[in-house]
Amino acid sequence: PGREEVIKYNNRTIIIGLTFNPMLETLKLLKDNNEINNISILYGPVGYGFRSWNDDSNSIRRINRLPYIHKEIMEYGLKYCDKFYLTSNDPATCDPMDLITDCLNKVNDCDKIKVIVDRKEAIKQMILDSEENDVIYIAGRGDRKVFCKNEYDMDIYKDSDVVLEVINNERCN
């Protein structure tokens with residue numbers, strides 16, 4: 001892959017990247033050829049209003065486009081995955097559950113979707129729910145360390161750190 005980070009664990013492939021487009025199309029071809037089992041994806045809608053974001057990130061134009069962005073991402077993801085984990089991703093001044101609800105309202109079929117607001121918990125559950133030969137794609141943050149949890153506060157962690165923590169805890173159990 002390009003900028004994605006790949007971690008192999010217990011006959012599973014975990015990919016951490018920014019966006020799953022067009023990666024899911026390639027993964028679906030591998031699944032159709034019985035080269036992989038399930039495709040699980042994690043997505044969290046980004047909010048707006050963090051104090052140090054540039055004007056474009058907080059612009060009325062971008063805010064007005066969010067419902068369309070959510071619809072496109074949800075439809076694309078659901079088209080290619082077997083399991084869809086919907087979580088938070090830099091909600092900033094937005095309530096993460098409001099962002100998630102907006103995403104859910106954009107699609108008719110929610111059977112594949114599992115909502116876990118806490119991103120770290122969603123990553124953990126996604127790995128625990130996986131089976132041999134599954135591919136797990138964690139989208140949205142790539143190798144970023146900053147998670148903007150409200151207008152002024154942030155957490156510092158990378159999604160890959162969460163993955164490695166889950167893997168290490170599983171090995172110890």
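Begin with the contacts of the whole chain: in this predicted model, among contacts in the protein with a separation of 6 or more, 70% come from residues 24 or more positions apart. If you colour by accessibility, 43% of the 173 residues of the protein count as buried. Switching to a cartoon view brings out 5 helices and 8 strands, and following them from the N terminus gives the order β-β-α-β-α-β-α-β-α-β-β-β-α.

Next, select residues 159-172, which form helix α5. This helix has 14 residues and reaches 20 Å from its first C-alpha to its last, close to the 20 Å expected at 1.5 Å a residue. Show its side chains, and you will find Asp-159, Ser-160, Val-162, Val-163, Val-166 and Ile-167 buried. Look down the axis of α5, where these buried residues fall within an arc of 160° and therefore line one face of the helix. On the other side of α5, Glu-165 and Cys-172 are exposed.

To see what lies over the buried residues of α5, add β1 (5-9), β2 (12-16), α4 (119-129) and β6 (135-138), which are included in the cover.

Finally, keep α4 and α5 alone on screen. Their axes come within 10 Å and cross at roughly 50°, so the two helices are oblique to each other, and α4 passes α5 in a right-handed crossing. For the contact itself, select Arg-119, Lys-120, Ile-123, Lys-124, Ile-127 and Leu-128 on the α4 side, together with Asp-159, Val-162, Val-163, Val-166 and Glu-170 on the α5 side.

Technical notes: Residues numbered from 1 in each chain as written. Predicted model: local features only at pLDDT ≥ 70, side-chain atom pairs only at ≥ 80, totals over all residues. Heavy atoms only, no water. Helix = DSSP H or I, 4+ residues; strand = E, 2+ residues; numbered from the N terminus. Expected span 1.5 Å × (residues − 1). Buried < 20%, exposed > 50% of the residue type's maximum accessible area, 1.4 Å probe, protein only. Arc of directions from axis to C-beta. Contact = heavy atoms within 4.5 Å. Axes fitted to C-alpha atoms, helices over the stretch in contact; angles between N-to-C directions. Parallel < 35°, antiparallel > 145°, perpendicular 65-115°, else oblique. Left-handed = near helix turned anticlockwise from the far one by under 90°.
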